[in-house]
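User: I am new to this structure. Please teach me how to read it, one feature at a time.

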Amino acid sequence: FVLISISYVGAMFGSSFSLKFVSYPTQVLAKSCKMIPVMIMGIALGRTYNRTKYVCVVVITSGVAFFVYNKPAASPAMSASEAEDSVTGLTLLLFSLFCDGF
């Protein structure tokens, strides 16, 4: 249980701290992809998934990506801080997703 606890704390740290470096929509999109590393880790541990699960993961992730990044034509332009996502923030998000998958 110690490794699971450390993994959970690492995921929360990476996710929360990444907000200083990436926009909120980017974080939401990354966290919506949580199912992908969970499935990858499951496959690495010998678990099998049926085709329906794979389709669900693709549809959910695509749907959230479309919803988060689909801006109406009349909306104001994003500010410079919202438009740029740093490598540090994206690395923290990847770390968070890795910990979620563990």
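Analyst: Let us start with one crossing. Helix 2 and helix 6 cross in a right-handed way. Keep in mind that this is a predicted model.

User: How is a pair of packed helices described in general?

Analyst: Two numbers do the work: the angle between the two axes and the distance between them.

User: What are the angle and the axis distance for helix 2 and helix 6?

Analyst: Helix 2 covers residues 24-32. Its axis comes within 10 Å of the axis of helix 6, and the two cross at roughly 25 degrees. Angles under 35 degrees count as roughly parallel, so helix 2 is roughly parallel to helix 6.

User: Which residues of helix 2 and helix 6 meet?

Analyst: From helix 2 come Thr 26, Gln 27, Ala 30 and Lys 31. From helix 6 come Leu 90, Leu 93, Ser 96, Leu 97 and Asp 100. Sorted by class, this contact of helix 2 with helix 6 holds four nonpolar, three polar and two charged residues.

User: Now another pair. At what angle do helix 3 and helix 6 pack?

Analyst: Helix 3 spans residues 35-44 and helix 6 spans residues 87-101. They pack at about 45 degrees, with axes 8 Å apart. That angle makes helix 3 oblique to helix 6. The crossing of helix 3 past helix 6 is right-handed.

User: Which residues make the contact between helix 3 and helix 6?

Analyst: Helix 3 offers Pro 37, Val 38 and Met 41. Helix 6 offers Leu 97, Phe 98, Asp 100 and Gly 101. By class, the contact of helix 3 with helix 6 has five nonpolar residues, one polar and one charged.

User: Which residues of helix 3 are buried?

Analyst: The buried ones in helix 3 are Pro 37, Met 39 and Gly 42. Pro 37 also belongs to the contact with helix 6. After helix 3 comes Gly 46, with a positive phi near 95 degrees.

User: How do I read a single residue? Take Ser 18: is Ser 18 buried or exposed?

Analyst: Check the relative accessibility against a cut-off. Buried means under 20%. Ser 18 has 0%, so Ser 18 counts as buried. This serine lies in helix 1, residues 2-18.

User: What does the side chain of Ser 18 reach?

Analyst: The side chain of Ser 18 reaches the backbone oxygen of Ser 15, at 2.8 Å. Setting aside neighbours within four places in sequence, Ser 18 is in contact with Gln 27, Gly 89, Leu 92 and Leu 93. Two of these names are familiar: Gln 27 of helix 2 and Leu 93 of helix 6 also appear in the contact of those helices.

User: What about a loop residue? Where is Lys 34 found?

Analyst: Lys 34 sits in the loop between helix 2 and helix 3. With a relative accessible area of 38%, Lys 34 is partly exposed. Leaving out residues up to four places away in sequence, Lys 34 touches Leu 97 and Asp 100.

User: How many residues apart in sequence are Lys 34 and Gly 101?

Analyst: They are 67 residues apart in sequence. In space, their C-alpha atoms are 7.2 Å apart.

User: Last, the whole chain. How many helices and strands does it have?

Analyst: The protein chain has six helices and zero strands. Along the sequence, the pattern reads α-α-α-α-α-α. Of its 102 residues, 28% count as buried. Take contacts between residues at least 6 apart in sequence: 79% of them join residues at least 24 apart.

Conventions. Residues numbered from 1 in each chain as written. Predicted model: local features only at pLDDT ≥ 70, side-chain atom pairs only at ≥ 80, totals over all residues. Heavy atoms only, no water. Axes fitted to C-alpha atoms, helices over the stretch in contact; angles between N-to-C directions. Helix = DSSP H or I, 4+ residues; strand = E, 2+ residues; numbered from the N terminus. Parallel < 35°, antiparallel > 145°, perpendicular 65-115°, else oblique. Left-handed = near helix turned anticlockwise from the far one by under 90°. Contact = heavy atoms within 4.5 Å. Nonpolar A, V, L, I, M, F, W, Y, C, P; charged D, E, K, R; others polar. Buried < 20%, exposed > 50% of the residue type's maximum accessible area, 1.4 Å probe, protein only. Polar contact = N/O pair within 3.5 Å; in protein donor to acceptor, adjacent residues only side chain to side chain.
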